[in-house]
Amino acid sequence: MLSIFTVFLMSFIAHSQDSVIKGKVVDAYSNEPVPGVLIDVQGVGYQTETDATGSFELSGNIPPGDQTLVISKDGYNTLFMPVSINPGETLELASIFIVIDIAEVETQIGIISLSEEQLDEDEGTSNNVSGLLQASRDVFLNAASYDFSATFFRPRGYNSENGKVLINGLEMNKLFDGRPQWANWGGLNDAQRNQEFSMGMTPNDYTFGDLAGSTNIIMRASQYREGGRVSYAMGNRSYRGRVMASYNSGLLQNGWAYSVLASRRYANEGYREGTLYDANSFYVSVEKRFNNNHSLNFTAFYTPNRRGKSSANTQEVYDLKGTRYNSYWGYQNGDMRNSRIRNISEPVFMLNHYWNITSKTDLNTNIGYQIGHIGDSRLGYDNAPNPDPSYYQKLPSFFLANGPNYEGAYRAYDKFVNDGQIDWHNIYETNILYGGTSRYYLYEDRKDDSQLSANTILNSHLTDNIQLTAAVNYRKLNSHNYAKMIDLLGGNGYLDIDSFNQGDQAQNDLNNPDRIIGEDDEFKYSYELDATTIDGFVQAQFSYSLFDFYIAGKYAQTSYQRNGLYRNGSYPDGNDSYGKSEKLDFSTYGAKGGITYKITGQHAITLNGSYFTNPPSMRNSFSNARQNNMTVIDLKEETNMNVDASYIFRTPLIKVRLTGYYSLLQDGTDISFFYADGISIQGRSSTTAFVQEVLTDIHKRNVGAELGIEAQVTPTIKLKGAAAYGQNIYENNPELYITSDDFVDPQFFGKSYLKNYHVAGGPEQAYQIGFEYRDPAFWWFGVTANYFSHGYIDVSPLARTRNFYTDTDGMPFSNYDETLAREMLKQERFDDYMLVNLVGGKSWRVGRDYFVGFFASISNIFNQEYKTGGFEQGRNANYQTLSNDMSNDTRVFGPKYWYGYGANYYINVYFRF
């Protein structure tokens, strides 16, 4: 005991003789404090970071005499400052001014532009999480946000709904599916450079967060540096050209500040065939600083955009037409016309009040309103052949599997290879020939949303070591969902019935039977979804010389309800389809905590842990919202558990982060819609139906490690490397049932044997090596080589139930071979591949205040073909149908895939003033 006291006393005496360096770091242009700046005593091992006010305090047994402070932050030029240290004394420095690294800023804007394009893709990329990572300066996450994201790589296997995106403190994730709608702020790159990112479940000044991290985009007029920027970009990805102009006033002497931006992105055809792009973006922010304590900011942005989608295809289709093939378009009067257009128009308005209650406490209150629509168009057809040119009955494999019919196969081959696109002329001719109502028509699945959001966020530095954050949030959504007729394609009306049913069951709305509808009318289905959520969180952060730690908790109440506006003929009774559904209420909660042990000024170890629940999304709460009020059976809150640990090494020359993580995502629900062939239901002779597949009690396990390393080997050359090694699997066998208007009651198939199958979603392993050269004459370039492996197809849950081996009489198929079945149900792993990317740029300073420059990239230089994702078709739901299909040389109902971009480029030229 005495020895312990002696050690403690000696440590105390030594600590009392520590030297202290204090100061504040300020942006040389705006005079605003700069947080997160690394302050390092060169060659000694003592370092710290500036806090939210730009202040820092560095203490320790710093050797006396002349030393050099290295002051560095990504996006700024590194500053070397000589200081003189006296033992046991405090050195108070005057404000330290650091200058923005213009080349680095333009590089980051370029990377945001590239990531934006990848986020703007079709459904195959809708889970992309790279947009969350754009603000991060972490070596690994920088690789994930650009070089890895083109492959649909998901850091730690998380989807975009596992992360939070906020703008000016207000959450932007959609209540419908939990995902950010990136297109709502697309084309606003220059206005989105100010971002704050919290990795994983680490502390955040705005929200409790989620597994994939949290990003707050600051779009506040006073926070932009004075000046303007005009740029033009071109590429061969989603859009071919982009023009953008922005100007920021900075904070004027009268307390006002404003920021404006306008841009346009366009393409008649992107990298994929027939994928038009037509997007305009507008942004304005005006702020009034009344005094040092109160500011009021108004922000509005409007980014209407239309883009043509591209199809997932079987390997047979890709082999015949190439990986850029898209079945959704055809020529009409010499012009490309895409039948699948996504149309998004959802302006956002925000009012933000900032109150500095004291020098250490501030209160931020925000209110936001979003209104508008999202429409997804498609061709409909009744009593007419399927217009899809890649429909299975139009491909050679269909004729070879039936007969074989070699002549039919050749004719199909010849027609598909030499044309293979939608025949718009024939569609119009058919409608005109038959007269009356249209056999073919173009409509869109439409969502008209209005959402009110409000919150208040308190941040207070209770002491020099303790920071308290608390917030209360409110969101209310009304979403009107319906089908809207866009074009009758030469017809003069459409009879609003379900042609696959008869009698009353064929009526889409029994309250208005046999209705003839015209263009711009609602039809097929119409209902409202209402959602309300109220949540709050509180967080405490503690910072000391050796340890930093935090704890946080949250609680939320969420409710959903459907209100049917049509009485569907298949669900006519009571409020089965018409009127209000059961109201769904969820109470969720969570806690998290973490600690950082600062071994020395250069070495640190962090540990984070969390346990929290989330409500299921609205999308996964109603089993068939288009037709009825049925809610998912035994629906429950989703549970998430996570722990991660990191070793961090940082010097001005070398940065390393090694992280291991373990996550459990439990009690999940997922709903899929597809046409199934091979459904075995006792007492039902037909084995086909359009079904809603409901998978409940889903447990997933994500485990792995990630590494990022960066070395400034010379003043101009930087080496970097990144690695991700993960395993994302189903941890249990979920429950599965299906519903359909072809049968009355839900059909329960018990367990879907998915345990140890991989959860699809990009490669689980990714590795990068690269270098970057930055010349003192303001030109630079970099090269990365990126290797990807262990990507898996999305398997069919229904094919892993007892339905697979059971006939309609409830008995196993007489020819069932368990060994062959295991082989057929083995999950497909995609081939490994490597992508080499090149980036570079140059900037020129013209006079004192003007800059001209460019940013350019060439990705996948060697034109590597690779699969980014895919799924098994639900057509082969049992052993008989699947074994028959797999016995063919070319499968009729093989999996459908997405392929990544081949060699592609992006160039951005800019003028700053």
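Accessible areas here come from the Shrake-Rupley method with a 1.4 Å probe. With that in mind, begin with the surface of the whole chain in this predicted model: about 38,400 Å² is exposed, and carbon and sulfur atoms supply 54% of it.

**The whole chain**

Switch next to a cartoon view, where the chain shows 9 helices and 46 strands. Its radius of gyration is 30 Å, close to the 29 Å that the globule rule gives for 913 residues, so the chain is as compact as a globular protein of that length. If you align the view with the principal axes, the C-alpha trace spans about 95 × 70 × 50 Å. Colouring by relative accessible area will bring out the buried residues, which make up 55% of the 913 in the chain. A contact map adds another view of the fold: among contacts between residues at least 6 apart in sequence, 71% join residues at least 24 apart.

Now select the charged side chains, of which 76 are positive and 103 negative; the centres of the two sets lie 3 Å apart.

**Aromatic rings**

Select the aromatic side chains next, among which the structure holds 45 pairs. Zoom in on Tyr392 and Phe398, whose ring centres are 5.7 Å apart and whose planes meet at 80°; the pair is therefore edge-to-face, since planes over 60 degrees apart count as such. Keep Tyr392 selected and add Phe893: here the ring centres are 4.6 Å apart and the planes stand at 55°, so this pair is tilted.

Which parts of the chain does the pair of Tyr392 and Phe893 tie together? Tyr392 lies in the loop between strand E24 (361-381) and helix H5 (396-401), while Phe893 lies in the loop between helix H9 (879-886) and strand E45 (896-899), so the pair joins parts that are 501 residues apart in sequence. Tyr392 is buried, with a relative accessible area of 15%, and Phe893 is buried as well, with a value of 12%.

For a further set of rings, select Phe140, Phe148, Phe153, Phe788, Tyr833 and Tyr866, which ring pairs link into a cluster.

**A serine in a loop**

Finish at Ser581, found in the loop between strand E31 (579-580) and strand E32 (584-598). Is Ser581 buried or exposed? At 7% relative accessibility, Ser581 counts as buried, because the cut-off for that class is under 20%. To see its surroundings, show Gln561, Arg562, Phe622 and Asn629, with which Ser581 is in contact when its neighbours within four places in sequence are left aside.

How values were computed
Residues are numbered from 1 along each chain as its sequence is written. Side-chain values use heavy atoms; hydrogens and water are left out. Helices (H or I, at least four residues) and strands (E, at least two) are DSSP runs, numbered from the N terminus. The radius of gyration is taken over C-alpha atoms; the globule rule is 2.2 Å times the number of residues to the power 0.38. Buried means under 20% relative accessible area, exposed over 50%, partly exposed in between (1.4 Å probe, protein chains only). Contact means heavy atoms within 4.5 Å. Lys and Arg count as positive and Asp and Glu as negative; His and the chain ends are not counted. The place of a charge is taken as NZ of Lys, CZ of Arg, CG of Asp or CD of Glu. Rings of Phe, Tyr and Trp (its six-membered ring) pair if their centres lie within 6.5 Å; planes under 30 degrees apart count as stacked, over 60 as edge-to-face and the rest as tilted.
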